[in-house]
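Here's a quick briefing to read alongside the model. Have the sequence and the 3D view open, and we'll go through it topic by topic.

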Amino acid sequence: MQEAIQAAEFAEETTRFMPPREDVEAELLDDTSIWSSLKSMLKNNKLAALSLAVIVIVILMAVFAPIVAPYDPNFQDADNLRFAAPSMAHWLGCDELGRDVFSRLIYGARVSLVIGLVPTLIAMTIGTVMGLMSGYMGKKVDFIIMRFADIVLAFPSLLLAMVVMYTLGASLVNIFIALSIVKWAGTARIVRAQTLSLKEKEFVEAAKAVGVKKWIIMMRHILPNCIPNLIVLFSLNIPDSIMSESSLSFLGIGAVPPSTSWGLMVYRGKQYLFNYPWLTLAPGVAILILVLAFNFLGDGVRDALDPYLKD
Amino acid sequence: MARYILKRVLISIPVLIGVVFVIFFMLNVVPGDPVTLMMGEHIKPDLIEAFRERMGLDDPFIVQFFNYLKNAVQGDFGMSYKLNREVSGLIFQAFPHTLKLTLWAALVAWIIGIPAGILSAVKQNTLVDRGFMTFSLMGVSMPVFWAGLLLQYVFAYKLGWLPVTGYKTWQAMIMPSLVLGWSSAGTIARLTRSNLLEIMKNDFIRTARAKGLKEGTVVVGHALKNAMLPVVTMMAIQVSSLLGGAVMTESIFGIPGLGRVAVSAIGDRDMPLLQGTIIFTTMLIIAGNLIADLLYSVLDPRIRVE
Amino acid sequence: MTQALLEKNAENPAVKGDLLEVDHVVKEFKVSGGFRKSSAVVHAVSDVSFSIREGETLAMVGESGCGKSTMGRLILQLLELTSGTIRFEGRDLGELSGEELRHIRKKMQIIFQDPYASLNPRMNVFQIISEPLTTHRVYATQKETEERVRELMRIVGIRPEFINRYPHQFSGGQRQRIGIARALALNPKLVVCDEPVSALDVSIQAQILNLLHDLQKEMQLTYLFISHDLGVVRYISDRVCVMFLGKLCEIGQTEDIFKDPLHPYTQFLLAAVPKPDPHLRREKKALLKGEMPSPVNPPSGCRFHTRCPYATDRCIQEEPQMREVRGRRVACHNVECLTIQ
Amino acid sequence: MSELQKNEELLKITDLKTHFFTHKGVVPAVDGVSIEIPRRQIVGVVGESGCGKSVTAMSVLQLISRPGKIVGGSIRLDGRELVGADINEIRSIRGNKVSVIFQEPMTSLNPVYTVGRQVSEAITAHQAVSQEEARQRVVDMFKAVGIPEAEKRYKSYPHQLSGGLRQRVMIGMAMACQPQLLIADEPTTALDVTIEAQILHLMKQLEHDFGTSIMLITHNLGVVAEVCDYVYVMYAGKIMEQAGIFDLFDHTAHPYTKGLLNSIPKPTAEKRRLYNIKGMVPNLLRLPKGCRFSPRCEYARPECFEHEPELYDAGNQHLVRCFLYKNGGGPA
Amino acid sequence: MNRKYLALLLVLVLGVSTLAGCGAKAAGAEGAPAEKISYDNIMRLGEVTEVDTCDGQMTTEYYDIPFMIFDRLVEATSVGEGISEIIPGLAKSWDISDDGLVYTFHLQQGVKFHNGKDFTAEDVKYTFERMLLPETGAKNQDFISPIKGSQAMMDGAAKELEGLEIVDDFTVKMTLEQPFGAFLASLATPGCGIYDKETTMEAGKDFGLIPEKTIGTGPYYFKSWVLNDEKLILKNDSYWRGAPALDGISWKTVADADTMRMMFESGELDVFDCDYAPTQIGYFMSNDKYKGNTVIGNRVGIYYYTFNQSIEPFDDVRVRKALQMAIDRQSILDNLFDGRGQVLSGIMPPGLVGYNPNLPEIKYDLDAAKALLAEAGYPDGFEMTITQSTNSPDTLSRNEMVQAQLAKIGVKVTIEQVDEATWYAVRADGELPMYTTSWSADFNDPDNFLYTFFAPGNTQKRSFNFKNEALSNRVVAARAITDNDARMAEYQALEKAIIQDEAAWIPLFCKQHIFITSNRLKGFRVSWNGWTSTWHYYDGLHIEN
């Protein structure tokens, strides 16, 4: 006994252990936590870092819109500023009602971001719970939840969102509902798959052997290990929601005035493409950049968390 | 194989019924009475009532639902309220155009996505990688209608190379398939890239190299086929997203497909038409899933039917 | 002779002193084979009976797929029996209520093979080791629990200061120690060691084996030691049972089996182990032909007959039963003739 | 010219350094290793995980992938320098003059192609033979490595074969071009003992029949004792001891090797405590000063913590990296 | 095994694509012409929404094709700036009894339907009765409802129209319930095209849907209809007035107005209707490229905002008047329609018989508006909702301007968007709080405006809930005034009372209808009321390539 303790104490100085395979690279990655993986990813992946910066800037602009925006986004001066070209006073010009496009873009970011985040959060929360239950409980619960997921997944998602929006009427809250309904099933599938594999892990067996209750196993042992996957899903679902909103706006069932989303701005501005291109180019490019940024960040996150996902 | 297909088809029946039910339910709780929209303004209320009764609109919801189901099984999706035509006829008239667009778009998506994915993977974390991924992700990051309009503006209006709209000639199909295909190329490129990177870490790649194979042969001959397997299943998911994107693409490029039918049906509260369209697209998606699974089983010897 | 008698008694469930009795246990898995293949039944464990006496180490050896790990999980009620009974301290585990089962779980624990998969990467050492304690509400206060966790860490040789570290900050050997600490937290009687050292390097393996050995002495543990490494088995076990394709071939005192294996499979198995001594190298070695048959379609009669050089027609048709031969139990029709050879 | 030197070893690795450039620092996985493999011999390289034995083997064929890189030393095959050679030249050697088999036969075979195709590819990559001829040679090779129903197995996919058969296929693939050197990287670790015995037997037979030299990488001293002629013991990126097989076991010199041998449960009836080497393998990023085994060594002396020992000759082609043998002496 | 599956896969893929190909062809064959049609002499037009039917009786929205493939008994034509006139159609002449109750029509002889059948009085009777029978589900009964016995038919109580009598094959006599000054004008509306009895009965539900079964006497016949794509009519060589100069007219359905504009500008369409992009008027008008290619017509119509008098505070006339004064109509017209129109202060737009150019102007006066609001008890304004249907960015712009303008007097406007069907449904229930829309004349008579909006029942259907019953009743009574001058005077009086005294809605402006035509299209005219659909597609229109 004494010897064993000595050996262990000695080991503390050399905490590294080489796993059976001499794959030095993989083994070194494995040692890090999620957070530090992400940090080192940002250090190495310039594009992802830049994307994060863009996203942070957009978020800050949206949060501090009243401070950042040079004008009231709804202030009209149609008689003087209608279609004013970009200038020092109005960086991105003015729209058909003489409103400052830049200010509207900043306020529009609020709606676009909220639409990116909220439905994704709701959908993923529902999806995670469903996926956990389905995967862990199995049998009837699994069957029922998965059939529901099948139904949702069998729908063409945009059509489903359209039907929901038409049923409920156009409003921000209804967009949340529509997109949540459309998106939960994807998360549920993925969480279920991961739950199924985690369920077979020895640490779960150990917990079962100890007599830990089902739902505690789910919450304590399974869910935390799904987190890398959920982070990746989250970062890739946000841009998807933003794009869905712009599609709904095109069909006239997206954001509702006075709130203005980027999707709505693109849609309304597109009729002036020939003469006053900034009206549609500015929000369009804004969407492009924001969504690209989320995509790059998401890709980076996925690459960084890949070793976790394989567990 | 045949048994498997049959089994899969049988499994998808409850899903379809579920879809029908959901749509039916949602459309029956909405405000707005289709009958008053259909009838003239001077019709007396009792005539409207008679009409409702004839159409079975007074039956309890569940009875209506089963009646609908019964007819649908026989291929009768009812009459469009607004267009006064057989829903099935309208769908079959529009469907080929959507299918054509979707197939073309899928082709474009693969032509852009797969090489971009491969090159990005091979040149991981280089400018080439970033460049190709940016290009293919740009498609996902632009509102389809916006990208479509810009393309029209440049290639049809400014340069005059292509017709603004149309679907009958190959020239006319270029822009719509590009817009729609590009929008899902990013997904494919991303999947190809990550799969390929993943596969390249496998032991059998080392084996292939150890055999003395050229790097190109290793990537194309050994890694690619493995990496393509999940990409093939992606096809199924794509059917859904392409059909969604087709709604807007069709509007912008004047293609008389299912998406247009669905959009106008929603706007007109044309329940039979909307139901029919959604059920039909759902069947397409389910069929797409089935085909993807079959393809997978053909390509992957590990799960091939013995 | 006395030893043979003892051995016989040991196999008799009526005799007191048996901690665990496994009686005609069968486990079949239904494999749907995905959607493309018709479903099949894997005969993982077929009609296996043995018992473990309190304080002893019973080793279970066999090659991969022989059902030894499944057996371990069956005992711990992590899998449901297809048929048969398992008695722990005389009580049929299959008939216990949920609460009784939870209670009895305190007395049976498991140590796993893979030191990486067996610890939840999102929990720190304290959370891992205290989970059994909090689950069964052994201590009223957090402080007591923490005290116990630190004690356990000392026992298995992990510095208690590491209580807040996460598994990835430890080496494989240390992780295995944490796994052992968790298993010991509730003072179990029986510990199922499922290949506890096979993922470790030789030098670490020795540390863990010594630790297990010491712990057994100090805590009066009973081990079911599942392993494919015959060297390790010979070192640690009192008795050995050899499994082949879901069936028991031979069971007996370790030394008896290693010195004089009776079942042809045991003989080949022992012969196949490479000896760390070049002088023992033999140019012509008795090699076992072929591969392990599939547990989905196990061979008829004696499951070993397809690879057995001594197989007779009887072996193909008739399944051999366990019977007592020279102080141990063997399932082979031809044991007598073989040993004469 | 050097090709003409008859006594030249088949493979001569001199002071090989292969480092991994990770974002945490440089990992000297192989740190100045010299190994010689004579013709028609089985040379073992043993050591625990992370000691650099596989990296050494993979360095020979330059199968080291990013972030690993050979940073120094020389690898001469038949007198030809491989370090810094053109990639095409390396490629012409891979699978042809030198081939490799790996630990995991399942993952080392491409799951989507038939095994026959994968083996014949090894032939067609190096020799201009017709498909049919390649196929015939594969079938012959399958027979040679003891694959039953070779014709039928040609068309099998990896998942349809058992572990043992897969490893035979891997060996068949490696032997397809009748290489001069076969590098076997833990070839039996993933196999059951009965299969392991078959595969080891097969390897000895191949060495005998084809005159192929074998570099056997393993952590299992039993396997080494079973098949090797000469053995190198590696620890933390360096050779600690090298000796003929009988010398190594009979006159074990290095404390590490002794520790390893003593850690193995002995086939004795007595249940003594096992010997164990205290502590664990050092982190290659933070190697201890002096002898890298010194923190775990019971014979360590002050100089061991200060200076790195060289390989000292203990006579009879027996070299030991330990100050104890600096003057040809041994531990007390 | 492998090969076999790959072959199977290949067949599958090919099968699917051929199916798509065949399908496309099959779909084309159903409606599209099999022979290659040259568009050299075909006028190409565009529209944004697909049409539900080409049966003029069944639609209140779509008149293009009904105008061109059917003839009416009489036609309305513009004879000068804002002046229209009724000219003979299928009725070559008519007599009106002195009491204004009996109209006798003498029909053209020798007119043939597109299928070669002769046109007779029987077809007129059939057509009118078809419109009134409830099972037809027609929507334009308004136009012939003055005929005696029409209500009975609409109620399902009669199978024949009592007031319509066939005198002989080419004479029809119609008796009205009461005198109706605008009766002739209403017969010129597109809903009153004359159908061929035999083929129409045969066609049943397919009438108006399937081109071959949709037969009229008009200058063009219905050639093909591919849903959501193209409708094509070709010239009727044996048209009784003489064949038109154009080979035909094609309508492309282009869902997106911006796409349509690009199609026009890249030469894929011959006419661009600026109504689809009112914001582009400035661009087109100032572009040298289109100089001389603009055709401007006055729309005999009006843009307006409504009040729902059942909803507080719109029940207070002071509030309504305040809002009338708080909207800067000229600014809206200038900014959203390039100023091309005229601010109005009543109901009747210029160009309509009875238009009152001397109506007092409703002035834009914020101070007066605020004062009125304060008087009504809302010194700090109030909150209100404007409802609009989705997918109408132009309406949205208008509402947003109004939103900003009303904010100046403290009124907080919420713009609510609902889909079109819901919007109509809620409006029909009389529950829309406030909305903006426009109305243009179907036929040239004030009745088409005042009766439509302010007759009892109608005000509720349009969510006005106009409470002054006396005025409502006078609107109905005015229909029967036989003396035209007296009738016009009454309408003008009513107009002033309803809009200015009662402030029942906010009149905005009328606007010009501007078309941009391609260089090759000559002789394009706007119909008298400024509609897109016009009978003038026959007359004088031609293409010079």
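**The sheet in chain D**

S9(D) and S10(D) are antiparallel partners, joined by six bridges. Keep in mind that this is a predicted model. The same two strands make a hairpin with two residues between them, and they sit within an open sheet of eight strands. After the sheet, we'll look at a surface patch on chain A and then at how chains A and B meet.

*Around S9 and S10*
- In the hairpin turn, check Ala236(D): its phi is positive, at about 50 degrees.
- Across the S9/S10 pairing, Tyr232(D) stands opposite Gln242(D) in S10(D).
- Gln242(D) also has a bridge partner in S12(D), namely Leu319(D).
- That belongs to the pairing of S10(D) with strand S12 (residues 319-320) of chain D, which is antiparallel and has two bridges.
- Strand S10 (residues 238-244) of chain D is mostly covered, with seven of its seven residues buried.

*The rest of the sheet*
- Reading across chain D, the strand order is S6-S7-S8-S3-S9-S10-S12-S11, and the pairing is mixed.
- At the edges you'll find strand S6 (98-101) and strand S11 (312-313) of chain D, each pairing on one side only.
- A parallel pairing links strand S3 (residues 42-46) of chain D with strand S9 (residues 230-235) of chain D through four bridges.
- Within that pairing, Val46(D) has Val233(D) of S9(D) as its bridge partner.
- As a reminder, strands of a sheet pair through backbone hydrogen bonds, in either the parallel or the antiparallel sense.

**A nonpolar patch on chain A**
- Leu52(A), Val56(A), Ile59(A), Leu60(A), Val63(A), Phe64(A), Ile67(A) and Val68(A) make a nonpolar surface patch of about 660 Å².
- Helix H4 (46-63) and helix H5 (65-68) of chain A are the elements that each give two or more residues to the patch.
- H4(A) gives the most, with five residues.
- Phe64(A) lies in the loop between H4 and H5 of chain A, and Phe64(A) counts as partly exposed because its relative accessible area is 40%.

**Where chains A and B meet**
- On the chain B side, 48 residues are in contact with 45 residues of chain A.
- The area buried between chain B and chain A is about 4000 Å², and carbon and sulfur atoms give 74% of that.
- In chain B, Phe145(B), Trp146(B) and Arg190(B) lose the most area to chain A, together 16% of what that side buries.
- How many salt bridges does the rule find across the interface of chain B and chain A? It finds one.
- A salt bridge joins the side chains of Arg190(B) and Asp299(A), at 2.7 Å, N to O.

Technical notes
Residues numbered from 1 in each chain as written. Chains lettered and ligands numbered in written order. Predicted model: local features only at pLDDT ≥ 70, side-chain atom pairs only at ≥ 80, totals over all residues. Heavy atoms only, no water. Pairing = 2+ DSSP bridges. Patch = residues over 30% accessible without salt bridge, like charges linked within 9 Å, V, L, I, M, F, W, Y side chains within 5 Å. Areas by Shrake-Rupley, 256 points an atom, 1.4 Å probe, with all protein chains shown as cover. Salt bridge = Lys/Arg side-chain N within 4 Å of Asp/Glu carboxyl O. Buried < 20%, exposed > 50% of the residue type's maximum accessible area, 1.4 Å probe, protein only. Contact = heavy atoms within 4.5 Å. Buried area = accessible area lost by both parts, 1.4 Å probe.
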